[in-house]
Amino acid sequence: MELINPNLINACPFRTSRRSDVQLRTPGFPSAVSRNRLSPAFRVSAAVTTTGPTSRNGNGASTSRSVAVAKEANGAAAAAVQLSKAMEQLDFERGVCVPFRKYSPETVRNKVLETRGSTLSLLLRGVEIVWSLGFYWSTLMYDYFVGRDEEVVPFRARQLRNLLCDLGPSFIKAGQVLANRPDIIREDYMNELCILQDDVPSFPNQIAFNIIEEDLGQPLEAVFSQISSETIAAASLGQVYRATLRETGAEVAIKVQRPNIEPIIYRDLFLFRTLASFLNGISLQKLGCNAELIVDEFGEKLLEELDYTLEARNIEDFLENFKDDPTVKIPKVYRKLSGSRVIVMEWIDGIRCTDPQAIKDAGIDVNGFLTLGVSAALRQLLEFGLFHGDPHPGNIFAMRDGRIAYVDFGNVAVLSQQNKQILIDAVVHAVNEDYAEMANDFTRLGFLASGTDVAPLVPALEAIWQNSVGKGLADFNFRSVTGKFNQLVYNYPIRIPDRFSLVIRSLLTQEGICFTLQPDFKFLEVAYPYVAKRLLTDPNPALRERLIQVLFKDGVFQWKRLENLIVLAKENVAKMSTNPAIQTKNTSVKSTKDWQSQSKLDLTDTIKDGARLFFIDEGIRRQLLLAFTEDSKLHIQELVDVYRLLEGEIDIPTVATEVVRDFPTIVRDLMLSWTDSVLSDRR
């Protein structure tokens, strides 16, 4: 029985926009059981495979050929369906439809097998991989059995990093991914593999310049009047040069891909998936999903990064998202000079986030700059659903006019509207200390397989949250929570979906930048006011529902919580009404042009929607009336306190006009609700 219709994606006739994705329901995953730690470094240590029953033909040789042909056709069809299942599962889990993709298991297989001498190449490469990793694995097992596994961890971790570098770009990229996957690899190994994100050797300049000329179709001198003789940065898939455009004199960054990397990537992905097929059984037991699914996530992301035309589109999407935000700088991309192996973009002349003194010397308020960074990150995550997946200090700059600038958009991740809403649900459940629902959120986000018993997870989540906020939210930090969470995923059947591993890394990296620039910076003191403002002002019906969940706990209206939300939201508005990174006493920093931001907390739509709900929804009406009369007394003082908080923020005549203007709609909805109630009673 198919959980997912294999024809669904092919039936989807459009390419999904990142800013308005299609929501789909999350499918069920195979049931998972709790796991134990098997080895000192990795989770996967055995291969379990299953095969279906073999059909037999008892009609003699006369029908053997037709049966063989039929079996071959059926086998090919079954294989095609099987190969596409994992990708369909990823689409449903993400809540998006992506019918035209760079990666699919069939595409990788066909690309590899159609090349001349592919069988010999695959065989030799497979032997190299199996021998190298097998030998490394045997050393781990030896350490484990002689009881010295813990004392040699630093050495073995360095050995693994060097091994991945020797095996080439696919393995370097795999190491970078593992550095953010506590569900697969131990934390001490993760820390060592993080070095791969910054320390990758470059390839010769002349080869890079030849690739640029091939993609441009003309000599370098015809396009650029100047180009740097050394690389500015080198990564696993490419490297960057600084240049000047001959036509306009504009400073640009040129990102060029490593030579002949595509066939290497395709070959390694084919081998990865082949090896993963032997590990499906143990992966289902330990992670609650097929090992092939993990390879498919990795392969899809890797091939996206390999196509620089997609990175150019990412830049354009970020430009569109932040076009009205004067605090964020996104570089312009030169589409006519860019292709699949070369991308040319505006040069960002800013100050690296690793140099707090230089930022201060430029007249920029460090605390204000960090506030901009946290706000921009939260907008990417919760508002746009398109966020920078690799915001390390080399990819974030402080502009001299007080803006925050991002570069390198090859590694971005997309969150569907559904995923964003579940994340906000998780925040609401954390505020309400509803740990059972927090555990269910893990299932809805794809961390746990559908059907997994979440009861054992609830006490662990409660302990993590209580320990993290026990000293107050001001002392909360993501690194301590992540450390505890890493221990949790190592003991429960939790798989971290690729997009959320990027979310975790993104938050950790940006928090690290905050602490580097200002050790006493309080991340949540900026994040909470933003979330409060979103809950109070966003017209999205789903967020209105979450606001109600926050304000009512066990059927009781939380007056203090409403006051806190208003105070926090006002704080966010006050901070962002002017650029907080610009020091007002320092005239050397020019004010950001065309600054347009609200100076008051606009709750007009919220009040209007609240009035509509009061008249239409009998349950809400009853709860609000009870809120005024709880404990056998009228809560007039609480209402007065809320009014005083909003007194300077609300234009009473405007709100009254809006409510009156909306009154016919309210009456209509009320009559429809009453009619439905009467009809349902008569049934």
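**Exercise 1. Count the salt bridges and describe the partners of Arg148, Lys301 and Arg267.**

The count comes to 25 salt bridges, a salt bridge being a side-chain nitrogen of Lys or Arg within 4 Å of a carboxyl oxygen of Asp or Glu. The structure is a predicted model, in which local features need pLDDT of at least 70 and side-chain atom pairs count only at pLDDT 80 or more, while totals for chains, interfaces and linings use all residues. Residues are numbered from 1 along each chain as its sequence is written, and side-chain values use heavy atoms, with hydrogens and water left out.

Step 1. Arg148 pairs with Asp143, with 2.8 Å between the closest N and O atoms. Buried means under 20% relative accessible area, exposed over 50%, and partly exposed in between (1.4 Å probe, protein chains only). Asp143 has a relative accessible area of 1% and is therefore buried, whereas Arg148, at 30%, is partly exposed.

Step 2. Lys301 forms a salt bridge with Glu304, the closest N and O atoms being 3.9 Å apart. Both residues lie in helix α12 (residues 291-306), three residues apart, about one turn of the helix. Helices (H or I, at least four residues) and strands (E, at least two) are DSSP runs, numbered from the N terminus. Lys301 is buried at 15%, and Glu304 is partly exposed at 25%.

Step 3. Salt bridges that share partners join Arg125, Glu128, Arg267 and Asp268 into one network. Within it, the closest N and O atoms of Arg267 and Asp268 are 3.6 Å apart. Asp268 has 0% relative accessibility, so it counts as buried.

**Exercise 2. Work out which strands pair with β3 and whether β3 is enclosed or open.**

Step 1. Two strands pair if DSSP finds at least two bridges between them. Strand β1 (residues 224-227) is joined to β3 by three bridges and runs antiparallel to it; here Ile227 stands opposite Ala243.

Step 2. Strand β2 (residues 233-234) pairs with β3 in the antiparallel sense over two bridges. These strands form a hairpin with three residues between them.

Step 3. Strand β4 (residues 251-257) and β3 are antiparallel over seven bridges, and Val252 is the bridge partner of Ala243. This hairpin has five residues between its strands, and Gly249 in the turn has a positive phi of about 80 degrees.

Step 4. Six of the eight residues of β3 (residues 238-245) are buried, so the strand is largely enclosed by the rest of the structure.

**Exercise 3. Give the strand order of the four-stranded open sheet and explain which strands stand at its edges.**

Step 1. The order is β5-β10-β9-β7, with mixed pairing. β5 (328-329) and β7 (351-352) are the edge strands because each has a single partner strand, which leaves one side without a neighbour in the sheet.

Step 2. β5 and β10 (residues 404-406) run parallel and are joined by two bridges. Lys329 has Ala405 as its bridge partner in β10.

Step 3. Helix α15 (residues 366-384) packs on the sheet and touches β5, β9 (396-398) and β10, its direction making about 45 degrees with that of β10. Contact means heavy atoms within 4.5 Å. Axes are lines fitted to C-alpha atoms, for helices over the stretch in contact, and angles run from 0 to 180 degrees between N-to-C directions.

**Exercise 4. Decide where the coordinates call for caution.**

Step 1. pLDDT is the predictor's confidence in each residue, from 0 to 100. The chain mean is 75, and 75% of the residues reach 70 or more.

Step 2. Residues 1-73 have pLDDT below 50, as do residues 584-596. Where pLDDT is low, the predicted coordinates should not be read in detail.
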